[in-house]
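Colleague: I have a few questions about this model. Please keep the answers short.

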Amino acid sequence: KTVPLLSLKAIVSQISDQHPGLPIVLKLDCEGAEYDLVPLLQQAQLQQHIAVLMIEWHVKGSQPITDILTACGYTCFTPGIVAAQPTGFVYAVKNNHS
């Protein structure tokens with residue numbers, strides 16, 4: 001079976017176009033690709049459309065993700081981080097999202 005491959009920008013733009021004015025909640029569980037995808041959010045200025053992010057991180061920790069999201073205007077939460085764990089979660093809420 002063939003699975004279509006879409007860019008993150010295309011997906012967020014499509015959802016935003018189909019549901020204008022509604023906040024988007026984005027969940028990323030992409031087995032390590034989060035470190036490539038989160039910078040794309042910033043580069044493509046997708047943060048203007050996304051109100052909440054739920055991201056599972058792997059191996060490299062949460063700091064690279066929270067640094068970018070904070071710079072994009074999100075408040076980040078990283079519950080239950082244990083240094084020895086190879087995975088965890090980042091939850092981010094857009095500040096002043098209307």
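Colleague: Which residues is E56 in contact with, leaving aside its neighbours within four places in sequence?

Modeller: This is a predicted model, where local features need pLDDT of at least 70, side-chain atom pairs count only at pLDDT 80 or more, and totals for chains, interfaces and linings use all residues. Residues are numbered from 1 along each chain as its sequence is written, and side-chain values use heavy atoms, without hydrogens and water. Contact means heavy atoms within 4.5 Å. With those neighbours set aside, the contacts of E56 are L28, D29, E31, E34, T87, G88 and F89.

Colleague: How far away is the nearest side chain of opposite charge to E56?

Modeller: E56 is buried, that is, under 20% relative accessible area (exposed is over 50%, partly exposed in between; 1.4 Å probe, protein chains only). E56 has no salt bridge, defined as a side-chain nitrogen of Lys or Arg within 4 Å of a carboxyl oxygen of Asp or Glu. The nearest side chain of opposite charge (Lys and Arg positive, Asp and Glu negative; His and chain ends not counted) is K27, at 5.7 Å.

Colleague: Within what arc do the buried residues of helix 2 fall?

Modeller: Helix 2 covers residues 34–43, with E34, Y35, V38 and L41 buried, whereas D36 and Q43 are exposed on the other side. Helices here are DSSP runs of H or I with at least four residues, strands E runs of at least two, numbered from the N terminus. The arc is taken from the directions from the helix axis to the C-beta atoms. The buried residues line one face of helix 2, because they fall within an arc of 115°.
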